[in-house]
Amino acid sequence: MGTSRPCRKPMPSSSATHGLWGLVDCNSFYASCEQVFRPDLRGKAIVVLSNNDGCIIARSAEAKKLGIAMGEPYYKVQGLLKAKEVNVFSSNFPLYGDLSNRVMATMEEICPHIEQYSIDEAFIPLRGALAVNAEDIAVTLKETILRWTGIPVSVGVGPTRTLSKVANHLAKKGNGICVLRQDAPYQDILSKVPAEDIWGIGRRQAAKLALAGIRNAWQLAQANDAWLRKRLTVMGWQTALELRGIPVLDQDTTPTPRKSVVCSRSFGERIRDRGLLAEAIAAFTARAAERMRRGELLTRGIAVHIRTSYFEQQHQYEQTAQRVFRQGTNDTSFLQRTAAQILAEIFSPGFAYAKAGVLLFDLIPARSQQTSLLPSPETDPKRRELMTALDKINAKHGRDTVRFAAEGLQGQVWKMKQNKRSPRYTTEWEELPTAYCK
Ligand SMILES: [Mg+2]
């Protein structure tokens, strides 16, 4: 494989003082994940579908070239996909989540500090020697991530976060690496970036800008400060400053501890039976509670939501109710009992339910709450130990190895339709990939 090493430009002193921002973004992430364990599909057109195989949420570069649009409902393009022999996958989030963790861990091996921004993107502050050697760091990141995880990435580097995003955009069009330094010919570069492609500029803001004759990043960078603040608010003005190379979004954007956890799904089939609906809600509660415990949090409230399909003409029904607790809890069993009580209040027979959800809200760090002297159902220390043991077993032996009877003992009919899901190669022992030697 040829090394894609960009030519090095002289480094002005300002880069050394302010440093640079790197942005690593995986190329067509979900499609790339599918290709890791299916080398026969590399270089082929692939699409990945949303939950319940609804619409297209990821496309390999080859699928993009065929003109398949993002967000297109699957049933509408099914014929085209078949005719063009496009490989179709249901989404496989256990696989994508696991490969995402591996990509992030690889970055951390190379750079001491990274800020994960989404499942397939991370900002990397490059200071001192890292800024001086930004080109080499970018090449190392790209090559190491590909070698260690099989996922291709693009690396953009710029004096501000917004310019690192622009650089990443350009990297994707070129050899996967683009380093913009303070002395870059910004006018040439930015005038080719459409306003709606700028990070932080939404479609509505782009429309506002177009009315004022601002259609590209260079024009935005040159716009009048007072006008920007008035028409685009402070955030739009900050974007313009960042495009000029003035870092204003330098503060750490690592998300603050989450305030709520939600687990909500559309069912593979409509549910009329209250018992089945209760099983689904118990399972969603377990999932949400597990996610909450992973963040070492407790909840002080739970809400349950059920509804019929919005496409249902006559019999529509939708209801939500909640409970708040005096003490924080992370006890799945207690939360499931509460969720069942809420369901009993809001369930109405005779409807075909299409979706349900559980929200845990008002989350607090587990450490902030002392276990109270008076044992209560929410805060029994023995229950906390039980939950830790449960999570450990399920982490080691696979999801749902141990679960509560309330979640249903047989086939979970409410499970999503995922007819085309690939094996969960990296997170389930039964689904490990097999290698053959000839
Ligand atoms: Mg990406």
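Strand β2, residues 46–49, pairs with β4 in the parallel sense, over four bridges. If you want one position to look for, take L49, which stands opposite S90 in β4. All of this comes from a predicted model, so please keep that in mind.

These strands belong to an open sheet of three, in the order β3-β2-β4, and the pairing is mixed. At the edges are β3, residues 56–59, and β4, residues 87–90, each of which pairs on one side only. Neighbouring strands in this sheet are turned against each other by 25° on average, with direction ignored.

Next, the metal. Which residues coordinate the magnesium ion? There are D25 and D120, each through OD, and C26 through O, at 2.1 to 2.5 Å. Along the sequence, the spacing of these donor residues reads D-C-x93-D. In other words, D and C come one after the other, and the x93 stretch stands between that C and the last D. Are D25 and C26 buried or exposed? Both D25 and C26 are buried.

Last, the cysteines. A disulfide is a covalent bond between the sulfur atoms of two cysteines. How many disulfides does the count give here? It comes to zero. The cut-off for that count is a pair of cysteine sulfur atoms within 2.5 Å.

Two other cysteines can be placed by accessibility. C111 has a relative accessible area of 1%, so it is buried. C55 is at 24% relative accessibility, so it counts as partly exposed. The cut-off behind both calls is that buried means under 20%.

Methods
Residues numbered from 1 in each chain as written. Predicted model: local features only at pLDDT ≥ 70, side-chain atom pairs only at ≥ 80, totals over all residues. Heavy atoms only, no water. Buried < 20%, exposed > 50% of the residue type's maximum accessible area, 1.4 Å probe, protein only. Donors = N, O, S within 2.8 Å, 3.2 Å for Na, K, Ca; no water. Pairing = 2+ DSSP bridges. Helix = DSSP H or I, 4+ residues; strand = E, 2+ residues; numbered from the N terminus. Axes fitted to C-alpha atoms, helices over the stretch in contact; angles between N-to-C directions.
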